Structures are given as structure tokens and as C-alpha cells.
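Here's a quick look at how the parts of this chain sit against each other, plus a stop at one residue. Have the viewer open while you read.

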Amino acid sequence: MTTLKTRDILALGFMTFALFLGAGNIIFPPMVGMAAGENQFGASVGFLLTGVGLPLLGVVALARVGGGLDNLTSPIGRIAGLVLAVAIYLTIGPLFATPRTATVSFEMGLAPFVGNTPGMLLAFTITYFVAVALLSLFPGKLMDNVGKIITPVLILALVVLGGAAFLAPAGGYSISTEGYGSQTAAFAEGFLQGYQTMDALASLIFGIVIVNAIKDAGVKDGKLHTRYCIYAGVIAATCLGLVYVSLIYLGATSSNLAPNATTGVQILTSFVQHTFGPAGLWLLAIVIMLACLTTGIGLITACSAFFCTLTGISYRVMVIGLSIFSAVVANMGLAQLIAVSVPVLVGLYPLAIALIALSLLHRWNHAPRVYIPVMAVALVFGLFDAAKAAKLDMLVPGWLDSLPGAALGMGWVLPVVAMLVIAGVADFMLGSKQGTAVKHA
């Protein structure tokens, strides 16, 4: 029986880390830190829950069902599962996350040297997605190309950047802004900002990439697939957690360098120039380019595999098509992509969290009668939150604001948990009655 050696497990974990560490993972933590200031501890805990905890649980959930999102959504029915899967793949793929890997690479990696102009952005996105497509055409080599070659270089650069944040902070803690006025408020804001990384959604599509990498290494035992996926998830979560904590701390102690910063790009650029001089821009460029490139490869690979199976179009044609489409969308610019993606993410996250939670709980007597009502409630409240995020308040009932956590954007939690309890109890009781009837028969 083929098994993975320790170095192969580490390579798999590093590959998984590199898949997750992309655009949002770099640009959002410094902003959270600057806004939280002296309350950065609470913000860090909240951010880690959604930015690290949820992705890890997503990887574990998918590992248990073989890595496919279709297996995870099967209890809600084929059509509903397909609609949810398509929505997640499009959001985390060509509509938002994949183009964002290119725009962040450009604005943080190249623009400081060549200028931020539409023409340069166009030239860069073409070059970037040609490289992504070429590396995505050979998914069987992902663990070797990403886990054993690219990621070690990325980790070394991150160690230098993160170490500098703690060993040579630019200043003291900034003053907490509105919304981060206490550790509790900072926790809630950090929790919501963790959504922006898109990693909980990414975990639902990267599962199949991780499983396929294990299979390509010659491992055929399904139980080993699950075990190695969990190992990879833990390694990736540990690395992500260290990156987030260091970047949040960096932001919390760098307000004097970029007092009017509106994005993490400006904070990081100011810090590396202050700490390392002109060479700092090269360090930041290496971190951003490699982080975004590996995530872009993972997203194109996962989306191409999914839509290839769904449409019957060949994998290679799908890789090229999605790369071209993503390049076009990327030329909208970073600020526009973030603004458009927020309502979509806010709407999808309750569904994703509910789906992960349902899959990790004990086996139900009849899964659909628990999954369907819980997911339906998550959908309704997710749509309300999306409308609110899109400033369409006229579509949002006023009573929603009275729900616990509504002011923090988490009003959906209580209704979903309540429906989970009701559906779970009903499933238990109906299962017991059916068991008794069978025994008497």
C-alpha cells in the first residue's frame, strides 16, 4: 500500500497553504490591525475564526466525503446542490477571487516600479494569466511545483516580513476606530472581515484539488485520503494563522506610516519601505506575486475540473477559457472588485458555514430533512444580509435589526441554529418511531 512520507505530507500541507494564501489574505489583515489598534487581540481572534478555523473545518468536511462539493451538497438535492456549487465556484473563481489575485499582484508587486496605469494592468494580467494557465494545465504536478518549489520561497519571504513586524515595529498601537472600540466589538469586526479572505468558500472547492494531489502521488486508500487531507489542513491553518497574526500586528503598529491608508496595500508598502528601504518593495513584490500566483493556479485548476465535469468541455479548453475571462474581469481594478464582491460574499457565507457545520455533526437518520430546512433558513437570511450590504435596505424587513448579533452582521446565526435544533430533534424523533415500527413488524 502506497503512503506519503513525512516530506511529502509537508509538501502537501505547504501546497494547501499556498492555495489559500492569496490576495485577501495579504491585503485585509493590515487594515484590520490598523482599525483595531490596541484592541487588535480581539480582532485577531475573530479574524482567525473565519479566516483559519472555517477553512480548516471545510477541508475536514470535504475530506470525509471524498473531496467533492457535490457529495457535500447531496442531502439538499441534485438541483439545489448544483445551483449552490455553481454559485460558489463562480464567486471564488472567475467572477471575483481569481481576477483579484491578478489585480493585487499588480498593484502591490509591479505598480510601485512601473506605475499604476490601465495599460500596464492590461499587459500584466495577460502575462499573469498565461503563467497561471500553463501551470494549471498539469494538475498532477501541483504538489511538486507548488508544494516543493514555490511555497518554500514564499514562506522564507513571509518569515522575513512577519519577523520584521514583531522585531522592528514601526510604532505603538494606533487608536481604535469606530466599530473596534472594545475587544468584543473588535472581535465581531474581525470575524466579519475574515469573510473577505473567501477562504471558507475556497475550502469547499480546494478539497478536490488536495484529494487529487494525494491520488496523483499514488495513494489509493480512501481512509488515507481523509487522513492526509486533515494533516494538510492543519499545516495550512497553522501557517495561515501565523501570517494573519503578524500582518494584523503590523497594521496595528504602522498607523504613523500610513495615517490615511484606505487599503492594506498602502500600509504594507509604507512598512517595507520604512523597514527595509527600497529593497523592501522587492521583498513585498516577491511575497505578493508568489502568494497570488499559487492561489490563482489552485482556483483555475479547481474551477476547470468542476466545469469540465459539468459541461463536458475538455479540461484544457476550460483552463484557457477561464484564464481569459478572469483576465478581462481583472481589468475592472481592485477597488471595484472588492466593492462588488462584498454583497455576494455576505450572502453566501451563511450557506457555506451552515453546510460545513451540518456535515461535521453526527450522521442524521434522514439527512435531507435536516439539511433542507437549515439551508433554506441560511439562504433567506443570507439574501437579506446581501441586500443590506448592497445598500438595498428597502428589501430588508425592519425586525431583522432586533435579532441578536444583527448590528454586527451576524443576525442569521440564531435563526439557523434554532432551525438546526428543531430539525435535529424532529429527525431524531421520526428516526426513533421508524426504528420502533420496523422492530414491531
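## Two domains and one threonine

In this predicted model, the centres of domain 1 and domain 2, taken over C-alpha atoms, are 28 Å apart. As for where the domains run, the assignment puts domain 1 at residues 6-334 and domain 2 at residues 361-431.

So what goes on between them? Here are the numbers for the interface of domain 1 and domain 2:

| Item | Value |
|---|---|
| Residues of domain 1 in contact with domain 2 | 8 residues |
| Residues of domain 2 in contact with domain 1 | 9 residues |
| Area buried between domain 1 and domain 2 | about 780 Å² |
| Share of that area on carbon and sulfur atoms | 72% |
| Salt bridges across the interface | 0 salt bridges |
| Residue pairs in polar contact (both at pLDDT 80 or more) | 0 residue pairs |

On the side of domain 1 that touches domain 2, helix α9 (residues 183-193) gives the most, with 3 residues. That side of domain 1 is made up of 8 nonpolar residues, with no polar and no charged ones.

Now for the single residue. Threonine 98 belongs to helix α6, which spans residues 97-114. Is threonine 98 buried or exposed? Its relative accessibility is 1%, and buried means under 20%, so threonine 98 counts as buried.

Which residues does threonine 98 touch, leaving aside neighbours within four places in sequence? The contacts of threonine 98 are Ile92, Gly93, Phe129, Leu299, Ile300 and Ser326.

Notes. Residues are numbered from 1 along each chain as its sequence is written. This is a predicted model: local features need pLDDT of at least 70, side-chain atom pairs count only at pLDDT 80 or more; totals for chains, interfaces and linings use all residues. Side-chain values use heavy atoms; hydrogens and water are left out. Helices (H or I, at least four residues) and strands (E, at least two) are DSSP runs, numbered from the N terminus. Buried means under 20% relative accessible area, exposed over 50%, partly exposed in between (1.4 Å probe, protein chains only). Contact means heavy atoms within 4.5 Å. Domain bounds come from an automatic or database domain assignment. Buried area is the accessible area (1.4 Å probe) that two parts lose on being put together, summed over both. A salt bridge is a side-chain nitrogen of Lys or Arg within 4 Å of a carboxyl oxygen of Asp or Glu. A polar contact is a pair of N or O atoms within 3.5 Å; within protein, one must be able to donate a hydrogen and the other to accept it, and residues adjacent in sequence count only if both atoms are side-chain atoms. Ala, Val, Leu, Ile, Met, Phe, Trp, Tyr, Cys and Pro count as nonpolar, Asp, Glu, Lys and Arg as charged, and the others, Gly among them, as polar.
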